[in-house]
Amino acid sequence: MAKIVTVFLSMKGETYVNGSIVNLSKGNTNVAAEFIQEATGCDLFEVEPVREYSHDHFTMIEEAKAELRSGELPEIKKFLDNFSDYDVFFLGYPNWWGTIPMPVATFLNHYDWNGKRIIPFCTNEGSGLGRSVNDIKKYCSGADIEKGFSIHGAETQSLKMQIMNWAKSVNGDVNL
């Protein structure tokens, strides 16, 4: 039986939703990750950067853009101690500048992905997956990487059943 984990980075606080700045007590990607956990019974692992991003949304997106442009792999607080125990990785992240946030790249760059299965999901406000799946492939040589699932962030709560059904469907060959 395959062992599954959902690895995610999520931003709470100020974020852009349907054209306005709102304050979220829990980030949309975190909410989606919990729905996946409910559907699959998987473990959860949150990627947390050491350096905290600005609480001001517009400043934070400029910080993220600077990291991406420089190729900086920022430090994260921890890595999975039992990485080798997992076969399937749901990988969740918000779309930042058309791709994965650089702390997610730090996480991915840390491991040998040979023989692992990665199932990306991305929250966004209309930009979809961007080039994130192709960028994941750059960091995860040897992994079987699915096409990915795009979630409109503002609708995450109302898409619970759709997210859960998707998680179950992509795991059709995994004993849950």
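Leaving aside neighbours within four places in sequence, which residues is Ala-167 in contact with?

## Ala-167 in helix α5

The contacts of Ala-167 are Ile-36, Ala-39, Thr-40 and Phe-90, once its neighbours within four places in sequence are set aside. Keep in mind that this is a predicted model. Ala-167 sits in helix α5, which spans residues 160–170. Its relative accessible area is 0%, so Ala-167 counts as buried.

For a sense of distance, take Lys-77: 90 residues separate it from Ala-167 in sequence, and the two C-alpha atoms are 27 Å apart in space.

## Strand β6 and its partners

Next up is strand β6, residues 117–124. Eight of its eight residues are buried, so the strand is largely enclosed by the rest of the structure. That goes for both faces: one side carries Arg-117, Ile-119, Phe-121 and Thr-123, the other carries Ile-118, Pro-120, Cys-122 and Asn-124, and all of them are buried. If you're scanning the residue names, note that Arg-117 and Asn-124 are on that buried list along with Ile-119 and Phe-121.

What does β6 pair with? Strand β5 (residues 88–94) is one partner, running parallel to β6 and joined to it by seven bridges. Within that pairing, Tyr-93 has Cys-122 of β6 as its bridge partner. Getting from β5 to β6, the chain passes through helix α3 (residues 102–109), and the resulting β-α-β crossover is right-handed. Strand β7 (residues 144–145) is also parallel to β6, with two bridges between them; here Arg-117 is matched with Asp-144 of β7. Then there's strand β8 (residues 149–152), parallel to β6 over four bridges. In that pairing, His-152 of β8 stands opposite Asn-124.

## Helix α3, the crossover helix

How many of the eight residues of α3 are buried? Seven of them are, which leaves the helix mostly covered. The buried set is Met-102, Pro-103, Val-104, Ala-105, Thr-106, Phe-107 and Leu-108.

Those buried residues have plenty to pack against: strands β1 (4–8), β4 and β5, plus helices α2 and α4 (132–139). So β5 turns up twice for α3, as the strand the chain leaves on its way through the helix to β6 and as a packing partner of the buried helix residues.

## One small-probe cavity

Searching the whole structure turns up one cavity of 30 Å³ or more, and the largest cavity holds about 40 Å³ of space. Its lining is made up of Ala-64, Glu-67, Leu-68, Trp-96, Trp-97, Ile-100, Pro-101 and Met-102.

Helix α2 gives the most to that lining, with three residues. By class, the count is seven nonpolar residues, no polar ones and one charged. Met-102 is a lining residue and also one of the buried residues of α3.

## Two positive phi angles

Trp-97, another of the cavity-lining residues, has a phi near 55 degrees, a positive value in a residue other than glycine. Trp-97 belongs to the loop between β5 and α3. With 37% relative accessibility, it counts as partly exposed.

Asn-18 also has a positive phi, about 50 degrees, although it is not a glycine. Its loop runs between β2 (13–17) and β3 (20–24). Is Asn-18 buried or exposed? At 56% relative accessibility, it counts as exposed, because the cut-off for that class is over 50%.

## Glu-48, Asn-30 and Ser-10

Glu-48 is in the loop that links β4 (43–46) to α2 (57–70). Its relative accessibility is 26%, so Glu-48 counts as partly exposed. Apart from residues up to four places away in sequence, Glu-48 touches Ile-76, Lys-77 and Lys-78. Ser-10 is 38 residues from Glu-48 in sequence, yet their C-alpha atoms are 8.5 Å apart in space.

Ser-10 also comes up with Asn-30, which touches both Phe-8 and Ser-10 when residues up to four places away in sequence are not counted. Asn-30 lies in helix α1 (residues 28–40). Its relative accessible area is 13%, and buried means under 20%, so Asn-30 counts as buried.

How values were computed: Residues are numbered from 1 along each chain as its sequence is written. This is a predicted model: local features need pLDDT of at least 70, side-chain atom pairs count only at pLDDT 80 or more; totals for chains, interfaces and linings use all residues. Side-chain values use heavy atoms; hydrogens and water are left out. Buried means under 20% relative accessible area, exposed over 50%, partly exposed in between (1.4 Å probe, protein chains only). Contact means heavy atoms within 4.5 Å. On a 1 Å grid over the protein atoms alone, a cavity is a set of points where a 1.4 Å probe fits but cannot get out, and a pocket is an open set with protein on both sides within 12 Å along at least five of seven lines; lining residues have an atom within 4 Å of a point. Grid points are joined across faces, edges and corners, and a volume is the space filled by probe spheres set on the points. Ala, Val, Leu, Ile, Met, Phe, Trp, Tyr, Cys and Pro count as nonpolar, Asp, Glu, Lys and Arg as charged, and the others, Gly among them, as polar. Two strands pair if DSSP finds at least two bridges between them. A crossover is right-handed if, with the strands pointing away from the viewer, the path from the first strand over the helix to the second runs clockwise.
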